[in-house]
Structure formats: structure tokens, C-alpha cells
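Please open the structure in your viewer and keep the sequence panel at hand. The tour below proceeds by selections, each followed by what is to be found there.

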Amino acid sequence: MSETLTIIVVEPDRQRALQIVDALSAAGGHRVHVLGDGAGLARRVADIRPDLVLIDIASPSRDMLEELALASGPTERPVAVFVDKSDSGLTRAAIEAGISAYVVDGLRPERIRPVLDAAIARFHLFSRMRSELAATKAALEERKIIDRAKGFIMRAKGLTEDQAYALMRKAAMDQGKRLSEVAGAIVTAAELLK
């Protein structure tokens, strides 16, 4: 947490909120916005666009946790939740909701920086994994379309697989398009002509 961050803190207890703000100030000159409760959190997050959301709730209900997680956008930014008591069901719900850090035994000022550092690192790790997974799925779908297009060309023109691929690759280069775009057009046309 070396850079200056914009942080939303959801803390209903004013005294604890001040302790959190002091701890965050000691960790760096972060811009901190304190909300007394989760009401209107989605709107405030949209307005402020924080780098991180820190939520301190004594014992959240599953509904409250899901609402706070959805409102605070755990796939867009790290979200750390501090609770006073352990509950395996809530822990699982927090993880499934994409919360970056779910810390039991409440929030203590000396724990804020290491927990937030871990939450940010975990968020970035999962963000990279989501991006890589999406890219892999897209590449797999493109490969399927290219293979289908090769099959249509092989049957229609009596070509080998390598010849069909070379024909599509040449068409893509001639048209200044990606191979998957040409293959998609071939598949669409072939399905229309069936």
C-alpha cells in the first residue's frame, strides 16, 4: 500500500471509524471516505470510485454481506470485510461473493495495513486469473470456429486440412481480418446454405 489510495470505510461506530482513519493515515496519506452504514453504498461507490472498500461489521447477516459485496463491486476493486465472530457459512458466502479479505476477530488498527496489502494482492491475483481464463475461453471458441470452417471448406472443395487452413489464412490476410473473423463468416454462410 505504498501509493495513495481512495478508500471507502463502512463503519457504524464513530469511535472505531476514527481509529480506522488514523491507522490508514499512518499507513500513508490515503483519501478516506467514512460511511456510517451500507445504505446507499452502491451509489457512493459509483460516485467516489474508490480503489478499495473496507467494511467493519460486528456480525453481518448473509443478505447484508451479499448486498455489501455486490454494491461495492468486488470484481472491480479489492473489498476487505472485518467481522467479530467466525461463521463458516458467512465465510463461504464472502469468498463466493469475491471478497478479497474476510478477517475474523474484528479490526485492530495494527492489522489494517497488512490485511489491506494482502487484500490488494489477492484481488490483483484473481483479477489476472479472471482475465487469463476469459482469454483462454475466447481462444478455445475461436479454435472451434476455425476447425468448423476448415471442415466446411474441406467438404465443399475436397481439400486437405492444411490446404483448407492455408486458404482461410490467405483470405484473412487479403481482407485484413483476423483468421477467426473469416472462419466465423464461413461458418455462418455454410449454416445458411445447409
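Axes are lines fitted to C-alpha atoms, for helices over the stretch in contact, and angles between N-to-C directions run from 0 to 180 degrees. The model shown is a predicted one.

**First stop: two helix crossings**

Select helix H5 (residues 109-157) together with H6. The two pack at an angle of about 110°, and their axes are 9 Å apart. Since angles of 65 to 115 degrees count as roughly perpendicular, H5 and H6 are therefore described as roughly perpendicular to each other. The crossing in which H5 passes H6 is right-handed. To view the contact, display the side chains of H5 that take part, including Arg-143, Ile-146, Lys-150 and Met-154, and those of H6 that they meet, among them Glu-161, Tyr-165 and Met-168. Sorted by class, the contact of H5 with H6 comprises eight nonpolar, no polar and four charged residues.

Now keep helix H6 (residues 161-175) and add helix H7 (residues 179-193). Their axes come within 8 Å and cross at roughly 110°. H6 and H7 are therefore roughly perpendicular to each other, and their crossing is right-handed. On the H6 side, select Tyr-165, Met-168, Arg-169, Ala-171, Ala-172 and Gln-175; these meet Leu-179, Val-182, Ala-183 and Ile-186 in H7. By class, the contact of H6 with H7 has eight nonpolar, one polar and one charged residues.

**Second stop: the sheet**

Which order do the strands of the open sheet follow? Colour the five strands separately: the order is S2-S1-S3-S4-S5, with parallel pairing. S2 and strand S5 (101-104) stand at the edges with a single partner strand each, so one side of each has no neighbour in the sheet. On average, neighbouring strands of this sheet are turned by 15° against each other, direction ignored.

Select strand S1 (residues 6-10) and strand S2 (residues 31-35): they run parallel and are joined by five bridges. Within this pair, Val-10 stands opposite Leu-35 in S2. Move next to strand S3 (residues 52-56) and strand S4 (residues 79-83), which pair in the parallel sense over four bridges. Here Leu-54 stands opposite Ala-80 in S4.

**Last stop: the helix over the strands**

Finally, add helix H1 (residues 14-27) to S1 and S2; together these make a right-handed β-α-β unit. Which strands does H1 lie across? Show S3 as well: H1 lies across S1, S2 and S3, and runs at about 170° to S2.

Terms used. Residues are numbered from 1 along each chain as its sequence is written. This is a predicted model: local features need pLDDT of at least 70, side-chain atom pairs count only at pLDDT 80 or more; totals for chains, interfaces and linings use all residues. Side-chain values use heavy atoms; hydrogens and water are left out. Two strands pair if DSSP finds at least two bridges between them. A crossover is right-handed if, with the strands pointing away from the viewer, the path from the first strand over the helix to the second runs clockwise. Contact means heavy atoms within 4.5 Å. Angles under 35 degrees count as roughly parallel, over 145 as roughly antiparallel, 65 to 115 as roughly perpendicular and the rest as oblique. A crossing is left-handed if the near helix is turned anticlockwise from the far one by less than a right angle, and right-handed if clockwise. Ala, Val, Leu, Ile, Met, Phe, Trp, Tyr, Cys and Pro count as nonpolar, Asp, Glu, Lys and Arg as charged, and the others, Gly among them, as polar.
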